[in-house]
Amino acid sequence: MPYKDLQSYLDALKNKKLLTEINIEVDPQLEITEIADRVSKQFGNALVFNNVKGSKFPLVINAMGTYERLNLGLGVNNLDEIAHQIASYMDVGSYASLMGKIKAIPKLAPLPFIFPRKVKKAPCQEVISEPNLDDLPIIKCWPQDGGRYITLPLVFTKDPDNGQQNVGMYRLQVYDSKTTGMHWHLHKDGKEIYEKYRRLGKKMPVSVALGCDPTIIYAATAPLPKMVDEMIFAGYLKKRPVKLVKSITNDIYVPAEAEFILEGYVELDERRLEGPFGDHTGYYSLADMYPVFHLEKITHRKNAIYPTTIVGKPPMEDCYLGKATERIFLPLMKIQTPEIIDMDMPLEGVFHNCAIVSIKKSFPRHANKVLFALWGLGQMMYTKMIIIVDSEVDVHDYVAVAKAISSNVIDTSHLVITEGPLDALDHASNRAFQGFRLGIDATLKREVEINASYTAPEVHNSPLDALLVINFDKAVNPNGVKTHLETLANDVSIPQRFVIAVDDWVDVTHLSTVSWKVFNNIDPMRDLVIAKRPDGRLFVSIDATKKGPSDGLMRPWPEDIEMTEDIIQLVTERWLQYGIDE
């Protein structure tokens with residue numbers, strides 16, 4: 001069932017024993033992060049901290065941090081249910097007969113009721129107070145963060161040209177009790193609206209909602225077309241309209257059932273240093289100059305609860321929101337590229353670094369057609385690696401995908417390297433926002449797709465038998481990775497055709513970590529060695545180590561996110577007191 005607000009959703013979690021309450025005092029500076037990170041990695045419960053040091057408000061974290069809780073929050077048994085519903089609505093336009101159109105009417109009947117409904121009174125305005133962010137239990141997530149961060153903000157803005165509202169999730173670094181950073185990237189709608197205000201020379205009003213039900217939170221993160229209002233989409237997911245109320249100090253309408261509303265404005269020509277921040281890539285995003293949000297008013301429920309999240313090395317709570325996008329928007333991708341059967345975006349790919357796509361292959365080089373279609377499709381343009389497999393391969397079975405790669409990637413033409421846009425957080429490219437992307441055609445090949453000079457690979461009992469992962473100590477030999485990989489290419493005594501080099505501190509047996517390093521750390525043009533071995537077999541190796549000037553990378557390389565030893569020890573010593581494992 002859909003939930004009217006965050007607290008009704010938390011009540012449902014509590015009834016299903018999917019929520020744990022922690023009553024001893026905890027510190028919002030790093031301690032909550034370490035607790036939540038351990039629970040997240042164990043696929044544990046949502047957590048409510050009732051006694052956060054320095055604040056009267058309780059805090060909830062990891063509320064949607066498993067598939068079970070996300071499905072519950074969106075009111076489905078499986079995310080594919082939403083995809084099937086969307087597909088059925090889109091099929092309405094394909095009915096050729098009048099009878100077909102009449103039969104379609106019941107499908108369309110719920111749609112008029114998904115539009116937002118404006119109200120005059122709202123729970124989110126039960127208490128109206130002067131601006132003071134110090135009252136909220138805002139956390140510092142990771143040791144090298146630039147400060148405390150509001151990590152689940154729904155940032156509402158209004159287009160000055162047409163009056164259309166937009167909402168996105170942009171982190172807010174707290175500078176003091178009344179100001180934060182406003183972290184909207186180059187390709188975000190909020191940034192586009194901000195530029196319109198700059199051209200008009202008008203102060204930009206902003207309202208930020210904290211603590212909404214899961215459908216509204218997800219809608220704020222969804223890659224919707226510009227003409228689709230996120231609150232309409234949330235209403236569609238809820239099967240009931242989202243109630244909106246006008247902000248106290250501006251004309252922006254915000255979710256009436258939210259826990260907190262932060263009202264204020266962004267100065268047009270003011271910038272402050274924002275960051276570093278331990279980001280969803282598992283690395284710190286670097287500090288840069290961003291606009292500043294000025295707080296004018298805080299409103300909230302009488303018994304408000306403060307929501308937050310942490311991001312970092314997967315799996316984390318945000319990974320499941322990404323999975324929702326994967327499933328829900330698959331039908332829209334199939335409209336553009338109908339040969340697509342299914343898609344999987346591994347958690348280790350952190351949304352924008354890897355996608356596995358199965359297709360109904362109909363002609364030679366069909367995979368290439370799909371690769372370029374996907375790179376031309378919305379936010380898929382940022383996907384650094386796309387693997388194409390046949391329809392018979394389960395894209396969610398990574399062993400089956402590995403088998404397809406080891407069996408069907410036979411010559412160099414089955415690897416496509418192209419140049420294009422990259423996500424703003426990509427750190428492996430030598431140029432910001434752009435670089436090289438890799439397409440892997442792992443479909444079963446027809447004879448005309450294979451260069452006769454290449455030898456077919458041997459058949460392994462396990463596809464992992466074709467893979468060798470090695471540690472390389474770059475402190476000893478900073479320039480030697482590529483030379484070493486080229487040597488391995490010519491050594492036919494090494495049976496593996498695929499070799500991955502990682503730094504000496506990476507566990508080569510932990511394939512999830514190895515995959516995460518590959519997806520994040522490579523520039524395909526620079527870091528791949530692709531060669532034909534003396535025995536005629538294709539050899540592919542990947543340098544997934546940390547890069548620097550000796551590798552030709554002149555941009556700063558971010559640090560891995562790690563917690564400090566003293567916080568790790570503190571949480572270990574207090575673990576039984578938290579009552580998490582009871």
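# Pockets, sheets and helices: practice exercises

Among the 31 residues lining the second largest pocket, Ala402, Ile405, Leu467, Ile500 and Ser515 lie nearest its centre. Before you dig in, note that this is a predicted model, where local features need pLDDT of at least 70, side-chain atom pairs count only at pLDDT 80 or more, and totals for chains, interfaces and linings use all residues. Residues are numbered from 1 along each chain as its sequence is written, and side-chain values use heavy atoms, with hydrogens and water left out.

## Exercise 1: the second largest pocket

Work out how much space lies in the second largest pocket, and which elements supply its lining.

**Step 1.** Get the terms straight. On a 1 Å grid over the protein atoms alone, a pocket is an open set of points with protein on both sides within 12 Å along at least five of seven lines, while a cavity is a set where a 1.4 Å probe fits but cannot get out; lining residues have an atom within 4 Å of a point. Grid points are joined across faces, edges and corners, and a volume is the space filled by probe spheres set on the points.

**Step 2.** Read off the volume: the second largest pocket holds about 790 Å³.

**Step 3.** Find the elements. Helices (H or I, at least four residues) and strands (E, at least two) are DSSP runs, numbered from the N terminus. At least two lining residues come from each of strand 21 (385-390), helix 12 (398-408), strand 23 (434-441), strand 25, helix 14 and strand 27.

**Step 4.** Sort the lining by class. Ala, Val, Leu, Ile, Met, Phe, Trp, Tyr, Cys and Pro count as nonpolar, Asp, Glu, Lys and Arg as charged, and the others, Gly among them, as polar. For this pocket you get 27 nonpolar, 3 polar and 1 charged.

## Exercise 2: the largest cavity

Now try the cavities: how many of 30 Å³ or more turn up in the whole structure?

**Step 1.** Rolling a probe the size of a water molecule over the atoms shows where empty space is left. The search comes back with 3 cavities of that size.

**Step 2.** Take the largest cavity, with a volume of about 60 Å³. Its lining has 13 residues, and Leu6, Ala63, Met64, Leu152 and Ile217 are the closest to its centre.

**Step 3.** Helix 1 (6-15), strand 3 (59-61) and helix 7 (214-221) each give at least two residues to that lining. The class split is 11 nonpolar, 1 polar and 1 charged.

## Exercise 3: a sheet and its helices

Trace the open sheet of 4 strands and say which strands sit at its edges.

**Step 1.** The strand order is 24-25-27-26, and the pairing is mixed. Strand 24 (467-472) and strand 26 (528-532) are the edges, since each pairs on one side only.

**Step 2.** Check the turning: neighbouring strands here are turned by 15 degrees against each other on average, direction ignored. Axes are lines fitted to C-alpha atoms, for helices over the stretch in contact, and angles run from 0 to 180 degrees between N-to-C directions.

**Step 3.** Look at one pair. Two strands pair if DSSP finds at least two bridges between them. Strand 24 and strand 25 (residues 498-503) run parallel, joined by 6 bridges. For Ile470, the partner in strand 25 is Ala501.

**Step 4.** Add the helices, where contact means heavy atoms within 4.5 Å. Helix 13 (residues 481-489) packs on the sheet and touches strands 24, 25, 26 and 27 (538-543), its direction making about 160 degrees with that of strand 27. Helix 14 (residues 511-521) touches strand 24, strand 25 and strand 27, at about 85 degrees to strand 25.

## Exercise 4: two covered helices

Decide which residues of helix 2 and helix 3 are buried.

**Step 1.** Buried means under 20% relative accessible area, exposed over 50%, and partly exposed in between (1.4 Å probe, protein chains only).

**Step 2.** In helix 2 (residues 31-41), 10 of the 11 residues are buried: Glu31, Ile32, Thr33, Glu34, Ile35, Ala36, Asp37, Arg38, Val39 and Ser40. They pack against strand 1 (19-22), strand 2 (46-49), strand 3, helix 9 (317-328) and helix 16 (565-578). Just past helix 2, Phe43 has a positive phi of about 55 degrees.

**Step 3.** Helix 3 (residues 67-74) is largely enclosed by the rest of the structure, because 6 of its 8 residues are buried. Those are Arg69, Leu70, Asn71, Leu72, Gly73 and Leu74. After helix 3 comes Gly75, with a positive phi near 75 degrees.
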